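I am opening a notebook on this chain. I want its strand pairing, a helix contact and its aromatic rings.

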Amino acid sequence: MTHSIARRGPVRPFLFLAAAGLVAGCGGGDDAAAPAATPQMTLSITATEDFPGSYGSVGAYEKLTGTLAGEVDPKDRHNAIIQDLALAPVNARGMVEYKTEFVLLKPKDMSKANGVLRYDAPNRGNILTMPNPAVIPGDAEFLERGYSLLYAAWQGDVPKSSPARLTLTVPVAKNADGSSITGPYRAELIINAATPVVSLPSGVFNGSMIPYAPASLDNTQPGYSLTRRIKETDPRMLVPASDWKFADCNAGSNPFPGTPDGSKVCLQGGFDPSYLYELVYVAKDPKVMGVGLAALRDTVGFFRKASADVAGTPNPLAGKVRYAIGQGTSQSGNAMKTFLHLGFNEALDGSKVFDGVFAHVAARQTNINTRFAVPGGGGAIRTDHTAFGQTAPRGLAADYRDDVAGRTGGVMARCSASATCPKFFLGLSGIEFWQLQGSPVLTDANGLQDLVQPDNARIYYYASTQHGGLGGTASISYVPAVGVYPLGTVAQHVDTFRALFIDLEDWVVNGTQPPASQVPKIADGTLVRPNQVVFPTMKGLSWPVAGVPTAIPEFQYLARYNSFSVLDFGPQYLPQDESGIASLLPPSTTGKDYAILVPQVSSSTGLALAGIQSVAVRAPLGTSVEFNPLANPLFGENVSLAGAYIPFHQTEALRVAAGDTRPSLESLYATQAGYVAAVTAAANDLVAQRFLLRRDADRLINEASSAAILP
C-alpha cells in the first residue's frame with residue numbers, strides 16, 4: 001500500500017536504507033532479514049551545470065550528471081523473477097552489483113519544486129524527451145510546473161558510444177565453476193547497401209548495441225548457421241559455412257576470409273541488400289539483463305525517498321518528492337510495461353515505485369529478462385516479426401484471458417496482487433496497429449469483441465499519426481526511392497502527449513479523473529479487419545522532391561500489415577513473462593494467430609474515425625495515412641514506422657478534373673479566414689476536452705494564421 005505521507009504534506013528525509021525498505025525484515029524473504037543482505041547505494045555526481053532559460057515562478061533549473069551504484073539481493077523475493085540472478089557474481093556481502101548513469105534536471109531552488117518526480121526511461125540509452133523549449137516551445141510547460149526530471153539507464157547492453165548516451169553496468173552470468181555459460185542466439189542482419197562485412201548484432205534498432213560473443217569462431221560446429229531470404233515468409237536458404245566467417249574483411253587489402261573477429265561476419269561475395277540474412281550461433285557470457293529492472297526500481301526509490309547514500313552523500317531531491325510518474329516512449333515505453341508486468345512497481349518496502357505510468361507509442365513489451373536478452377529489438381522492415389517482445393500479454397487487466405495461446409493474466413496481474421498498480425496511460429499511434437500488432441490490447445485474442453479496461457487505466461489512440469515526428473507540412477519529405485507516397489504525417493501526437501501527461505499528473509496528485517479512453521472499437525465499426533478499410537480516391541497531386549514538384553502516384557490500398565503468431569521458443573522459455581531461456585531459435589510457429597484489427601477511416605477524407613483527433617485531423621489540409629508502402633515491390637512491406645501524406649486539392653475545379661473524391665480546401669474552408677476559424681474551433685474544443693494545452697492551441701492558431709492555404 002502507499003503510505004499516507006506520500007499523499008499529504010512534506011516528506012521527512014531519512015536514510016535510503018530505511019526509506020526504500022532496504023532494512024532488515026522489509027524485503028519479504030527470510031534471508032533478507034540479515035543485516036549483511038541490506039542493499040546499499042552509492043551516489044556520485046560528476047557534473048553540475050546550469051540548464052538554459054528561466055521558467056515562470058520556478059525560475060532556473062540545473063542539470064546534474066552522475067552515477068548510482070547499487071546492489072540487488074539474490075535472496076530477496078522481490079528479485080526472484082530475474083533470469084540468471086542466482087548465477088551472477090556477488091560481492092563480499094553476498095550482493096549482486098550494478099551501476100547506472102543518470103541525468104537529473106531540477107529547480108535550483110527546490111522550494112519551488114512541485115513534489116513530482118518524473119522519470120523518463122532512455123530509449124536504447126538515448127534521452128528522447130529532454131525538454132528543449134527552444135525547439136519545442138511547449139516543453140517549457142513541464143519546467144514551469146516545477147517537475148524534477150530523472151533519466152537513468154535501465155538497459156545493460158548499451159555502449160558508451162557518445163557522452164550523452166546513458167549506460168548501465170550489469171553482471172555476466174557464469175557457471176558455478178566460473179566457466180562461461182553458452183546458448184543459442186539469433187541475429188537478423190539488415191543490409192542497406194552491398195558490403196563484404198556486417199557488424200553484430202545488426203538490426204534496424206538493435207544494431208548499435210553490444211553484441212554477444214560467439215562461443216567459438218568455428219562456424220562449422222553444430223548450432224551455427226547463416227541463411228538468407230527475400231521476404232520474411234520465404235523459405236530460408238542456407239549459406240554454406242565455407243562461404244562465411246566470424247571475421248573482419250573488406251573488398252581490398254583484406255578479402256574473405258578476412259581477419260578473425262567475433263563481432264563481425266564476413267561473407268564471400270558480399271552481402272546483398274535484396275536479402276534478409278539470419279545468423280544463428282552459440283553465444284557465451286549472457287548478461288543478467290533483468291537486473292536493469294531492479295536497478296530502475298531502486299534508483300527511483302533512492303531519489304524519491306532517500307536523504308543520503310550509504311556514505312552520507314546527500315540526495316539532491318531529499319524530502320522534496322511526494323509523487324513519482326514514470327514515462328517511456330516506444331522501446332522504453334515497452335520496458336515500462338514489462339517493469340509493471342513483472343512486478344517491479346512493488347518497492348522493497350511494499351509501497352509503489354510509481355504512482356503513475358505513461359507508456360507512449362508502446363504496443364509491445366521488452367525482452368529484458370531472458371538469457372541472452374535483446375532489449376533493443378523492435379519491429380521494422382522485413383525483420384523482428386518473429387523476434388522477442390511479442391509473447392508477453394497485451395491485455396492490461398489482471399484477469400485478461402488469451403484464448404489463442406491458452407493463457408490468463410494481463411500486464412497488471414502482479415501489481416493487482418500486491419496492491420501496487422499505478423494510474424496507467426497507454427498511447428498508441430496508427431503505426432502501433434499496422435506495424436506493431438497493437439490491437440490485441442483492445443480486443444479479445446480472436447478480435448471478436450472489445451475489452452473492458454481496468455479502472456486505473458486509460459488508452460488513447462492518436463488518430464491518423466505515425467510513430468514519431470513533429471508533424472506539420474514542413475515535416476513531410478518525398479523520397480520516391482523509399483516510400484511510394486510522401487513520407488510522414490501532418491497529424492502528430494507531441495502536443496497531445498503533453499496535455500495527457502498533465503492529465504495523468506492531475507489524476508495522481510489531485511485525484512481528478514482523466515478523460516475517458518479514446519480508442520477505435522469493434523462495437524461501433526471503427527476497429528476493423530484490414531480488408532474492411534475503405535479509402536477514398538486520392539490522385540492527381542504532387543509534392544516537391546529537391547524543390548521540384550513531383551507527381552504522387554494514385555493511392556492504392558494494399559492492406560499490408562504485420563500479422564501476429566503464437567511462437568514457440570522452446571520448453572525453457574516462459575512466454576507469459578517473456579522470460580526464461582530460448583532454446584529454439586529461430587522460433588517455430590504454432591499455427592495459432594492473434595487477430596489484427598486496424599482503425600477504420602472516413603470514406604470522405606481518409607482520416608481515422610476514432611481516437612483523439614488532433615487539429616490536423618479536425619481541420620485537415622490533406623490525408624495523413626498511417627502506413628506507407630515501400631517503393632521496392634520486391635519486399636512487399638511498409639516503410640518502417642512511417643506514414644504517408646497526400647494533400648487535398650486546393651480548388652474544386654482541380655479536384656474534379658483529377659477525379660479525387662476527397663473534399664478540396666476550397667469546399668472545406670472557402671477562404672483563408674475560414675481555415676483559421678476551423679483551426680481555432682478545433683483547438684478550443686481540444687482544450688476543453690483536456691487533449692491540448694492552451695499554449696499549444698494558441699501556437700497552432702497563430703501558425704494557421706500565418707499559413708497561405710487559400711486566398
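I fix one term before starting: rings of Phe, Tyr and Trp, the last by its six-membered ring, pair if their centres lie within 6.5 Å. I also note that I am working on a predicted model.

**Entry 1, aromatic rings.** I counted 36 aromatic pairs by this rule. I then looked for a cluster. Ring pairs join F142, Y147, F358, F425, Y460, F497, F501, W507 and F691 into one.

I picked out two pairs for a closer look. F339 and F354 sit 5.7 Å apart, centre to centre, with 65° between the planes, and the pair is edge-to-face. F339 belongs to helix 4 (residues 331-341), while F354 lies in the loop between helix 4 and strand 17 (356-360). The two are 15 residues apart. I checked their cover: F339 and F354 are both buried.

Next I took F535 and F627. Their planes stand at 85° and their ring centres are 6.0 Å apart, so I log this pair as edge-to-face. I traced the partners along the chain and found them 92 residues apart. F535 is in the loop between strand 23 (527-528) and strand 24 (541-545). F627 is in the loop between strand 31 (622-625) and strand 32 (644-647). F535 has 15% relative accessibility and F627 has a relative accessible area of 5%. The cut-off for buried is under 20%, so both qualify.

**Entry 2, strand 3.** Which strands pair with strand 3 (residues 96-107)? I found strand 2 (residues 59-72), antiparallel, joined by 12 bridges. There T67 has E101 as its bridge partner. Strand 5 (residues 148-152) also pairs antiparallel, over 4 bridges, and L104 is matched with L150. Strand 6 (residues 168-169) adds 2 bridges, again antiparallel, with T100 opposite L168. I then checked burial. In strand 3, 10 of the 12 residues are buried, so the rest of the structure largely encloses it.

**Entry 3, strand 7.** I moved on to strand 7 (residues 182-189), where 6 of the 8 residues are buried. Strand 7 pairs antiparallel with strand 15 (residues 276-284) over 8 bridges. Y185 has Y281 as its bridge partner.

**Entry 4, helices 11 and 12.** How do helix 11 (residues 672-688) and helix 12 (residues 694-706) cross? Their axes come within 9 Å and cross at roughly 170°. I therefore log the two helices as roughly antiparallel. Contact residues include Y675, V679 and A683 of helix 11 and A697, L700 and I701 of helix 12. By class, I get 9 nonpolar, 4 polar and 1 charged residues.

Technical notes: Residues are numbered from 1 along each chain as its sequence is written. This is a predicted model: local features need pLDDT of at least 70, side-chain atom pairs count only at pLDDT 80 or more; totals for chains, interfaces and linings use all residues. Side-chain values use heavy atoms; hydrogens and water are left out. Buried means under 20% relative accessible area, exposed over 50%, partly exposed in between (1.4 Å probe, protein chains only). Two strands pair if DSSP finds at least two bridges between them. Axes are lines fitted to C-alpha atoms, for helices over the stretch in contact, and angles run from 0 to 180 degrees between N-to-C directions. Angles under 35 degrees count as roughly parallel, over 145 as roughly antiparallel, 65 to 115 as roughly perpendicular and the rest as oblique. Contact means heavy atoms within 4.5 Å. Ala, Val, Leu, Ile, Met, Phe, Trp, Tyr, Cys and Pro count as nonpolar, Asp, Glu, Lys and Arg as charged, and the others, Gly among them, as polar. Rings of Phe, Tyr and Trp (its six-membered ring) pair if their centres lie within 6.5 Å; planes under 30 degrees apart count as stacked, over 60 as edge-to-face and the rest as tilted.
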